[in-house]
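Biologist: I'd like to go through this one slowly and ask what each label rests on. Pull it up and we'll start with the empty spaces.

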Amino acid sequence: MQIKLAKSAGFCFGVKRALDIALKTSLSKNKVYMLGDIVHNEDVVKRIENAGIKKVKRLRKANGAIMLIRAHGASINIFKKASSLGYKIIDATCPMVKEIHKIAQEMEKKDYKIIVIGDKNHDEVRGIIGQLKKRAMVIDNLAKIPLNKIKGVKKACIVVQSTQNLDKTLEAVDTLKKLIPNLVFFNTICKPTRTKQAEIKVMPLENDLIIIIGSKNSANTKRLYEISHSLNKKTYWINSKKDIKTSWFQKVQNIGVTAGASTPQDKIKDILNFIRELPSLPHANHL
């Protein structure tokens, strides 16, 4: 029995950077607040809370407090409101997400209609459209592009939520190119996402069973699961070792494991150790 861990499993650069910034900021003598979660992972959120950073639903008068902007970014209005209320702002937005903001703003100034391919209710997408003066179009169902809304668009720019499915995005762009005369496409799916997706296109074909580790509200983990499950039905998405069922491993010789970009390394190690110690896997090895 062999267990193979994907090289890209776990934290990406943006998540690690945000967590480092948050923990450093928590050492401040002033109170630290955050609108929502630093990243989409319960273990990381708990660590942030234990460090003394308080999650709030709305901003109140600061009294010298710090507002920490999450890895997913935030709208311009949130920055303005926090500043007007007296907060010192510490920005932990992923640099790759910041780049999407910059592209969207620059292309809007050139009179392009901004189209965002992404989950319309995701924090990152809200942050992207929150950089713009005009209303952006969000396409979150790539199988059902709103053709009635596209028909009147003559000049548009596409940016993409950084954790979208690359293949499905490119298919949607090909469709949109046929509908919009002047279309500019920026592939803003980040490198860590592309690397993880490239690995998970191969692993399900080389292993009998695939384990995907990550929070159920993690967009990038969801994509990994969708890709893997389409290639190998014995793909299981778990958030902790409690989700694992021994029955999954019957007649299994090779196990592939990967994890979303906001999954901590200690969680990954804990699950690997748990699998190795299952009674049905007495000779499991980690490659």
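**Cavities, a pocket and two helix pairs**

Modeller: The second largest cavity has a volume of about 50 Å³. One caveat: this is a predicted model, where local features need pLDDT of at least 70 and side-chain atom pairs count only at pLDDT 80 or more, while totals for chains, interfaces and linings use all residues. Residues are numbered from 1 along each chain as its sequence is written, and side-chain values use heavy atoms, with hydrogens and water left out.

Biologist: What makes a space a cavity and not a pocket?

Modeller: Work on a 1 Å grid over the protein atoms alone: in a cavity a 1.4 Å probe fits but cannot get out, whereas a pocket is an open set with protein on both sides within 12 Å along at least five of seven lines. Lining residues have an atom within 4 Å of a point. Points are joined across faces, edges and corners, and the volume is the space filled by probe spheres set on them.

Biologist: Which residues line the second largest cavity?

Modeller: Leu35, Met67, Leu68, Ile69, Arg70, Gly73, Ala74 and Ile78. Strand β4 (residues 66-69) gives the largest share, three residues; a strand here is a DSSP run of E with at least two residues, a helix one of H or I with at least four, numbered from the N terminus.

Biologist: Why does Gly73 count as polar?

Modeller: Ala, Val, Leu, Ile, Met, Phe, Trp, Tyr, Cys and Pro are nonpolar, Asp, Glu, Lys and Arg are charged, and the others, Gly among them, are polar, so Gly73 goes in the polar class. That lining divides into six nonpolar, one polar and one charged residue.

Biologist: How many cavities are there of 30 Å³ or more?

Modeller: Three. The largest has a volume of about 290 Å³ and 24 lining residues, with Cys12, Val15, His72, Thr163 and Asn220 nearest its centre. Helix α8 (191-200) supplies the largest share of that lining, four residues.

Biologist: And what is the volume of the largest pocket?

Modeller: About 270 Å³. Its lining has five nonpolar, no polar and four charged residues; among the lining residues are Lys113, Lys120, Arg135 and Lys149.

Biologist: What makes α1 and α2 parallel or antiparallel?

Modeller: Helix α1 (residues 13-25) packs on α2 (residues 42-50) at about 15°, with axes 10 Å apart. That makes the pair roughly parallel, since angles under 35 degrees count that way (over 145 is roughly antiparallel, 65 to 115 roughly perpendicular, the rest oblique). Axes are lines fitted to C-alpha atoms, for helices over the stretch in contact, and angles run from 0 to 180 degrees between N-to-C directions.

Biologist: How do you know which residues of α1 and α2 meet?

Modeller: Contact means heavy atoms within 4.5 Å. Leu19, Ala22 and Leu23 in α1 meet Val44, Arg47 and Ile48 in α2. By class, that's five nonpolar, no polar and one charged.

Biologist: Which hand is the crossing of α8 and α10?

Modeller: Right-handed: the near helix is turned clockwise from the far one by less than a right angle, while anticlockwise would be left-handed. Lys196, Gln197 and Ile200 of α8 touch Arg223, Leu224, Ile227, Ser228 and Leu231 of α10. They divide into four nonpolar, two polar and two charged.
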